[in-house]
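Student: I've got a protein model open and I'd like to practise reading it. Can we go through it together, one question at a time?

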Amino acid sequence: MGVFFEQTYRVDSRSVDPFDHCRPSALLGLLQEAATDAAVAIHVSREEMVARYNVFWMLARMWYRLDRPLHWDEVVRIRTWHRGGRGAAMYRDFDLFVGDEPVGEAISTWVLADLDTHKLFRLSHAEEFAGTEGGALCKDKLLTKLRPPEGLALAERRPLHYSDTDINGHVNNARYADFTCDAIHLERLLPGHFVSSLQIGYLHECRPEEVLELYTAPADGGWFVRGVGEDGTARFDASLHLSPLP
């Protein structure tokens, strides 16, 4: 069947919005927590990879799909596995359950980068991954680069601060979901709907004291958001879709 990791995580009071939906950023946090716990289980945690190879994990793309919103105090069972280490990128898949009810799925792509130079590290150089992939569990979906639609308009300029950062010293991956939701004023769109899918592509890291310009446009029945640094480089792209409440 392949190797997988499974753990339960509770949606706590800090994770929900005014509509009692688990916020996209909070769900990304749960998925990253599961990925971190799975890496620890097969001895490829951040600390172990830094010690052995002077490399650390970087999230390149993340996508999830939900059948329904997750609510306060629900216990989410996350099952996750990776697809094997080829080249410089690794896919990690997820299935989500509440009790025995399947409620969604997710896919992420990760790379290992040198701690000093940020040069990408080929996963085949790390023998720890051998025999730990998900086998028949592995999904077929690939995460391709998001393409911006026509008509992007500036929604806001957002300063970045200490509270946005993580252990690597740059903006935490989950925070980009908050930037996305705020840029499209999700509070105006959610009554009667929920965020049923979200994809984020992480293009260039952001750090405190920078300012992000957030551009938005309708796209493919949802919303597209692009974050651009003051130097004009795109830092992230996101695509978000809403569905009627079941």
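Student: Which residue forms a salt bridge with Glu105?

Tutor: Keep in mind that this is a predicted model. Side chains of opposite charge can pair when their charged atoms come close. For Glu105, the closest N and O atoms of the pair are 3.0 Å apart, and a salt bridge needs them within 4 Å. The partner is Lys139.

Student: Where are the two partners, and how many residues apart are they?

Tutor: Glu105 is in strand S5. Lys139 is found in the loop between S6 and S7. The pair links distant parts of the chain, and the separation is 34 residues.

Student: Is Lys139 buried or exposed?

Tutor: The cut-off for buried is under 20% relative accessible area. Lys139 has 18% relative accessibility, so Lys139 counts as buried.

Student: Which residues is Lys139 in contact with, leaving aside its neighbours within four places in sequence?

Tutor: Glu105, the salt-bridge partner, is one of them. Trp81 and Arg83 are also among the contacts of Lys139. The rest of the list is Asp93, Phe94, Asp95, Ala106 and Ile107.

Student: What about Arg175, which residue does its side chain meet in a salt bridge?

Tutor: Arg175 lies in helix H3 and its partner in the loop between S7 and H3, so the pair ties together parts that are 11 residues apart in sequence. The N to O distance is 2.6 Å. That partner is Asp164.

Student: Of Arg175 and Asp164, which one is buried?

Tutor: Arg175 has 21% relative accessibility, so Arg175 counts as partly exposed. The other residue has a relative accessible area of 3%, and buried means under 20%. The buried one is Asp164.

Student: Which residues are joined into one network by salt bridges that share partners?

Tutor: We've already met two members, Glu105 and Lys139. Arg65 and Asp67 belong to that network too. The remaining member is Asp95.

Student: How many residues apart in sequence are the parts that Asp73 and Arg10 tie together?

Tutor: Asp73 forms a salt bridge with Arg10, with the closest N and O atoms 3.0 Å apart. Asp73 lies in the loop between S2 and S3 and Arg10 in strand S1, so the tied parts are separated in sequence by 63 residues.

Student: Let's look at strands. In which sense do S1 and S3 pair?

Tutor: The two strands share six bridges. One to find on screen is the bridge between Tyr9 and Val76, where Val76 is the residue in S3. The pairing is antiparallel.

Student: How many residues are there between S3 and S4 in their hairpin?

Tutor: S3 and S4 also pair in the antiparallel sense, over seven bridges. For example, Thr80 has Phe94 in S4 as its bridge partner. Gly84 sits in the turn, with a positive phi of about 100°. The number of residues between the strands is six.

Student: How many of the eight residues of S3 are buried?

Tutor: S3 covers residues 75-82. The strand is mostly covered, and its buried count is seven.

Student: Gly84 is a glycine, but what is the phi of His43?

Tutor: Most residues other than glycine have a negative phi. His43 goes against that trend, although it is not a glycine. His43 is found in the loop between helix H1 and helix H2. Its phi is positive, at about 65°.

Student: Which element gives the most to the lining of the largest pocket?

Tutor: The largest pocket holds about 1100 Å³ of space. Of the 45 residues that line the pocket, the closest to its centre are Gln32, Trp57, Trp110, Asn168 and Asn173. Gln32 lies in helix H1. With 10 residues, the top contributor to the lining is H1.

Student: How many nonpolar residues does that lining have?

Tutor: Sorting the lining of the largest pocket by class gives 11 polar and 11 charged residues. The nonpolar count is 23.

Student: Last one: is Gln32 buried or exposed?

Tutor: Gln32 is in contact with Leu59, Asn173 and Ala174, leaving aside its neighbours within four places in sequence. Its relative accessible area is 13%, so Gln32 is buried.

How values were computed:
Residues numbered from 1 in each chain as written. Predicted model: local features only at pLDDT ≥ 70, side-chain atom pairs only at ≥ 80, totals over all residues. Heavy atoms only, no water. Helix = DSSP H or I, 4+ residues; strand = E, 2+ residues; numbered from the N terminus. 1 Å grid on protein atoms, 1.4 Å probe; cavity = no way out; pocket = protein on both sides within 12 Å on 5 of 7 lines; lining within 4 Å. Points joined across faces, edges and corners; volume = space filled by probe spheres on them. Nonpolar A, V, L, I, M, F, W, Y, C, P; charged D, E, K, R; others polar. Buried < 20%, exposed > 50% of the residue type's maximum accessible area, 1.4 Å probe, protein only. Pairing = 2+ DSSP bridges. Contact = heavy atoms within 4.5 Å.
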